[in-house]
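Thanks for making the time, everyone. I would like to walk through one model with you this morning, and I will begin with its aromatic residues before I turn to the packing.

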Amino acid sequence: MAEKGRFAPSPSGRMHLGNLFSFYAAWLDARSVGGRLVLRMEDLDPDRTGEPWTSRIVEDLRWLGLDWDEGYGVGGPDGPYCQRERAALYDAAFAGLQSLGVVYPCWCSRAQRLAASAPHPGEERDLGRCPCRDLSRAEREARALVKAPAWKVALPHETIRFRDLIQGEQSFDLSRDCGDFVIRRADGVYGYQLAVTVDDALMGVTRVVRGRDLLDSAARQLWLMERLGYRKPVYAHVPLLLAADGRRLSKRERDLDMETLRRRFSPEGLRKFLWGLLGLPGEGDVPGDGLLSKAGREDVYVEL
């Protein structure tokens with residue numbers, strides 16, 4: 001099977017340097033192994049994503065001189081390449097998980113979910129199980145009369161291990177480190193973890209390159225792949241780009257977005273700058289086999 005990478009931005013604003021950093025790393029990785037690259041739009045949320053940002057992403061990537069072999073704006077055999085058009089595929093996967101008895105309805109508010117995931121000072125994080133998991137059938141039926149539930153995955157105390165091409169050997173206790181998570185919202189919109197798992201598998205993605213903040217998502221997605229009978233990809237989680245005060249670059253704050261970057265750099269200059277941020281030896285755009293294994297692991301501070 002041929003190697004295939006992907007870049008899957010969320011069209012919720014103009015790309016910033018961090019988004020571009022991840023795409024460039026994915027592009028280099030795919031090219032370094034003679035693989036193909038897919039551009040997929042992660043536009044699940046109809047209220048936050050869509051035009052004009054989808055078209056801006058395509059235009060900015062082409063300005064930079066980066067290409068892709070299939071996906072949005074190009075087509076290909078595994079489309080559609082926008083998540084909002086793939087609901088039937090997520091429906092099928094969700095039904096499969098229901099048949100395995102590994103999902104349950106949840107009525108917790110977003111505030112309750114955030115509070116449950118935040119450890120108290122000095123305490124070790126243990127995300128654990130949601131209380132809705134233990135509701136009786138009668139309690140679930142009574143709550144369903146008042147409010148439509150979200151649906152969560154019931155994660156066991158099971159250890160997931162994998163080797164990340166950049167971050168090295170990884171080990172996660174699913175229940176403690178990840179906790180039960182939403183795979184379908186109360187309004188019927190599917191969650192990130194399920195959609196990405198289905199898309200990577202059905203699009204034949206073998207190499208996933210993305211930011212280090214999604215490292216524990218790999219454990220969730222590997223578990224889902226096992227349940228759904230999917231082939232597992234290889235992961236490479238690149239360092240995060242941080243502002244001088246330690247916060248992550250943000251679309252909302254327009255931190256070094258493409259408007260600013262295109263004023264400051266030529267396409268060639270920006271590609272060289274991204275190469276340097278990856279911590280790769282030498283300079284240039286000519287990839288070599290196993291390229292990302294030479295990249296730095298530590299987060300990078302960028303002057304705004």
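If you look for the rings of Tyr90, Phe94, Trp151 and Tyr190, you will see that ring pairs link these residues into a cluster. Please keep in mind throughout that what is on the screen is a predicted model. Counted by centre distance, the aromatic pairs come to eight, and I will pick out two of them.

One is the pair of Tyr24 and Trp27, which is stacked, with 6.2 Å from centre to centre and 10° between the planes. Both residues belong to helix H1, where they sit three residues apart, or about one turn of the helix. Are these two rings buried or exposed? Tyr24 has 0% relative accessibility and therefore counts as buried, and Trp27, at 12%, counts as buried too.

The other pair is Phe265 with Phe273, whose ring centres are 5.3 Å apart and whose planes stand at 25°, so this pair is stacked as well. Here the surroundings read differently on the accessibility scale: Phe265 is partly exposed, with a relative accessible area of 24%, and Phe273 is partly exposed at 30%.

Phe273 brings me to helix H10, and to how H1 meets this helix. The axes of H1 and H10 come within 10 Å and cross at roughly 85°, which means that H1 is roughly perpendicular to H10. On the H1 side the contact involves Leu17, Leu20, Phe21, Tyr24 and Leu28, and on the H10 side Leu270, Arg271, Phe273, Leu274, Trp275 and Leu277. Sorted by class, this contact has 10 nonpolar residues, no polar ones and one charged residue.

Several of those names come back when we turn to the largest nonpolar core, which has 41 residues, and in which Leu17, Leu20, Leu61 and Leu274 touch the most other members. Which elements give two or more residues to this core? They are helices H1, H2, H9 and H10, together with strands E2 and E10, and the largest share, 10 residues, comes from H1. To take one residue as an illustration, Leu20 touches Met15, Leu61, Leu64, Met258, Leu261, Leu270 and Leu274, leaving aside residues up to four places away in sequence. There is also a second, separate core of 36 residues, which includes Phe172, Leu174, Val205 and Tyr235.

Let me move on to another crossing, that of helix H3, residues 87–100, with helix H8, residues 215–228, whose axes come within 10 Å and cross at roughly 80°. With that angle, H3 is roughly perpendicular to H8. Ala93, Leu97 and Leu100 of H3 make the contact with Leu224, Arg227 and Leu228 of H8, and these residues divide into five nonpolar, no polar and one charged.

Both H3 and H8 turn up again around helix H7, residues 192–202. H7 is mostly covered, with eight of its 11 residues buried, and the buried set includes Gln193, Thr197, Asp199 and Asp200 alongside Leu194, Ala195, Val196 and Val198. What do the buried residues of H7 pack against? They pack against strands E1, E8 and E9 and against helices H3 and H8. Just after H7, finally, Gly204 takes a positive phi of about 75°.

Note on methods. Residues numbered from 1 in each chain as written. Predicted model: local features only at pLDDT ≥ 70, side-chain atom pairs only at ≥ 80, totals over all residues. Heavy atoms only, no water. Axes fitted to C-alpha atoms, helices over the stretch in contact; angles between N-to-C directions. Helix = DSSP H or I, 4+ residues; strand = E, 2+ residues; numbered from the N terminus. Parallel < 35°, antiparallel > 145°, perpendicular 65-115°, else oblique. Contact = heavy atoms within 4.5 Å. Nonpolar A, V, L, I, M, F, W, Y, C, P; charged D, E, K, R; others polar. Core = buried A, V, L, I, M, F, W, Y, C linked by side-chain atoms within 4.5 Å. Buried < 20%, exposed > 50% of the residue type's maximum accessible area, 1.4 Å probe, protein only. Phe/Tyr/Trp six-rings, centres within 6.5 Å; stacked < 30°, edge-to-face > 60°.
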